[in-house]
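Here is a quick walk through one protein model, written for someone who would rather be at the bench. Have the structure open in your viewer as you read.

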Amino acid sequence: YLAFISYSHANEDWGKWIQKSLETFRVPSKLAGKSNEYGKTPEKVFPVFRDRDELSASAELSDSIQQALEDTRFLLVICSRESAKSHWVNQEIKLFKSFAGAKRVLCLIVDGEPHASDAEQECFPEAVKYEVTRNAELTNSPCEPMAADARSQGDGKFNAKLKLLAALLGVRYDDLRQREKVRLRRKQIFSSLLASILIAGVAVGFILYRQHSINEQNQQIAINLVDTLAAGSLSQALQTIDRMSVYRTWADRELLNRYASAEDGTPEKYRLGMGLLETNSAPLDYLRDHSLILDVREVAAVSEVLQPFSSQLASYYAAAVENESLPVEQRFIATCFLVNVSPEDPLWSQESLSEFITEQILSVNPTDIEPSKQLFHPKRELLIEPLMLAYGDESQSDIH
């Protein structure tokens, strides 16, 4: 779990609200995946554990809660006058602190007062205010928890939610707040514009609003397709790129941003570059330079995308085939590309090239035989004789 919500039964509505608010929050794509002290910022705040709701059917409540606490990154305590007096809330905090420390305990103040002079008004449970030993015993050493105040005189519900999200995601509160401000400002501008259009004519306003909704829907579909392309495999990439063609207006900017920020040499950047080629040839050099590390099946998957750029790629792959300083595996992959981008290249007249291809086919993984057959089908006549010789050689494995 990303978070475990500890609360008094009297604050159940607050527990439901904060769980739903966190789990439905969409992490900005520019923040997701960034490194932080806990690893990387997740793409979504999920799952969030709420004990009364999710363990109500458990026969071993204490064991189940202990296991859930051990499996969570943060403990989120809903602080109120009721939770300050709750034995179980204090027990959960002590247990979590005993193995995770105080730094990962987050507080949401909903009523009462922190460090109140009147004990009846205190909202912090004792286990929140003091350090805990490895044996889950309370000490006299005070500690100051990270707290978000949802009360109207404090941060308010909206800002309190953002403070907790910033801590859970390992990002700066101001980054989230500024992004939410921009989002709200855009929403307000759109609402004002819509109101003006409605004054001019309800019919025109309805049409524009409908078009805006369609654009947003198409943009979301485009973003989802880009996500699928970035996370899928090369063999699935062509299918995704084909589906993306309808949403090019919305997908290209997202593709370009994701491609620019992707790490060089990763499969993700290669797939995103393939997606851009239909309208932007800028990634062609990158795809060419990183293509020799692919395997045969991946070459078969991407060759269709590179086919329109044959004239720009032929000399590169021909040079790679002849470059004996390259590993033989990479030279073989170069021949796989060359047969697609330049089947009439003078290199194909060299008998040594046919023998080289045959030798490499005999050593590829058996699952690569079918894609190898497809790739070299245009040059099958050149390979028949060396393949027959290899077939008759009893020292060769017969599986290929």
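What follows covers a pocket, a helix, some backbone oddities and a few individual residues. One thing to keep in mind throughout: this is a predicted model.

## The largest pocket

Let's begin with the open space. The largest pocket holds about 2400 Å³. Its lining counts 43 residues, and R26, P28, S29, I223 and E254 are the ones that lie nearest the centre. Three elements give two or more residues to that lining: α8 (173–200), α9 (202–231) and α11 (248–261). Of these, α9 supplies the largest share, with 13 residues.

What sort of residues line the pocket, split into nonpolar, polar and charged? There are 18 charged residues, 13 polar ones and twelve nonpolar ones.

## L229, a residue of α9

Staying with α9, take a look at L229, which sits in that helix. With a relative accessibility of 1%, L229 counts as buried, because the cut-off for buried is under 20%. Setting aside residues up to four places away in sequence, L229 touches A237, T240, I241, M244, L255, R271, L272 and G275. For a sense of distance, try S372: that residue is 143 residues from L229 along the chain, and the two C-alpha atoms are separated by 24 Å.

## Helix α19

Now jump to α19, which covers residues 380–392. How far apart should the ends of this helix be? It has 13 residues, and at 1.5 Å a residue the expected span is 18 Å; the end C-alpha atoms are 18 Å apart, so the two agree. There is a bend in α19 all the same, of about 25° at P386.

P386 turns up again when you ask what is buried, since the buried residues in α19 include L383, P386 and A390. Which helix do the buried residues of α19 pack against? The partner is α17, residues 351–361.

## Backbone oddities

A few spots in the loops deserve a click. The peptide bond from F46 to P47 is cis, with an omega near -5°. You'll find P47 in the loop that runs between β3 (39–40) and β4 (48–50).

Then there are H115 and A136. H115 has a positive phi near 55° without being a glycine, and it belongs to the loop between β6 (105–109) and α6 (126–129). A136 isn't a glycine either, and its phi is positive too, at about 65°. The loop that holds A136 lies between β7 (130–132) and β8 (138–142).

Are H115 and A136 buried or exposed, or something in between? H115 has a relative accessible area of 43%, so it is classed as partly exposed. A136 comes in at 23%, so it also counts as partly exposed.

## Three more buried residues

Back towards the start of the chain, G15 lies in helix α1. It is buried, with a relative accessible area of 0%. Leaving out neighbours within four places in sequence, G15 is in contact with I5, R50 and I78.

L31 is found in the loop between α1 (12–23) and β2 (35–36). At 4% relative accessibility L31 counts as buried. Beyond four places in sequence, its contacts are T41, L176 and R179.

R151 sits in the loop between β9 (146–149) and α7 (156–169). Why does an arginine with 11% relative accessible area count as buried? The class takes in anything under 20%, so R151 at 11% falls inside it. R151 touches I109, V110, D111, G112, E113, P114 and G156, again not counting residues up to four places away.

The table pairs each of these residues with another one, giving the separation along the chain and in space.

| Pair | Apart in sequence | C-alpha to C-alpha distance |
|---|---|---|
| G15 and I5 | ten residues | 7.0 Å |
| L31 and E43 | twelve residues | 8.4 Å |
| R151 and L272 | 121 residues | 45 Å |

I5 is a contact of G15 as well as its partner in the table. L272 is also familiar, being one of the residues that L229 touches.

How values were computed:
Residues are numbered from 1 along each chain as its sequence is written. This is a predicted model: local features need pLDDT of at least 70, side-chain atom pairs count only at pLDDT 80 or more; totals for chains, interfaces and linings use all residues. Side-chain values use heavy atoms; hydrogens and water are left out. Helices (H or I, at least four residues) and strands (E, at least two) are DSSP runs, numbered from the N terminus. The expected span of a helix is 1.5 Å times one less than its number of residues. The bend at a residue is the angle between axes fitted to the seven residues ending there and the seven starting there. Buried means under 20% relative accessible area, exposed over 50%, partly exposed in between (1.4 Å probe, protein chains only). Contact means heavy atoms within 4.5 Å. On a 1 Å grid over the protein atoms alone, a cavity is a set of points where a 1.4 Å probe fits but cannot get out, and a pocket is an open set with protein on both sides within 12 Å along at least five of seven lines; lining residues have an atom within 4 Å of a point. Grid points are joined across faces, edges and corners, and a volume is the space filled by probe spheres set on the points. Ala, Val, Leu, Ile, Met, Phe, Trp, Tyr, Cys and Pro count as nonpolar, Asp, Glu, Lys and Arg as charged, and the others, Gly among them, as polar.
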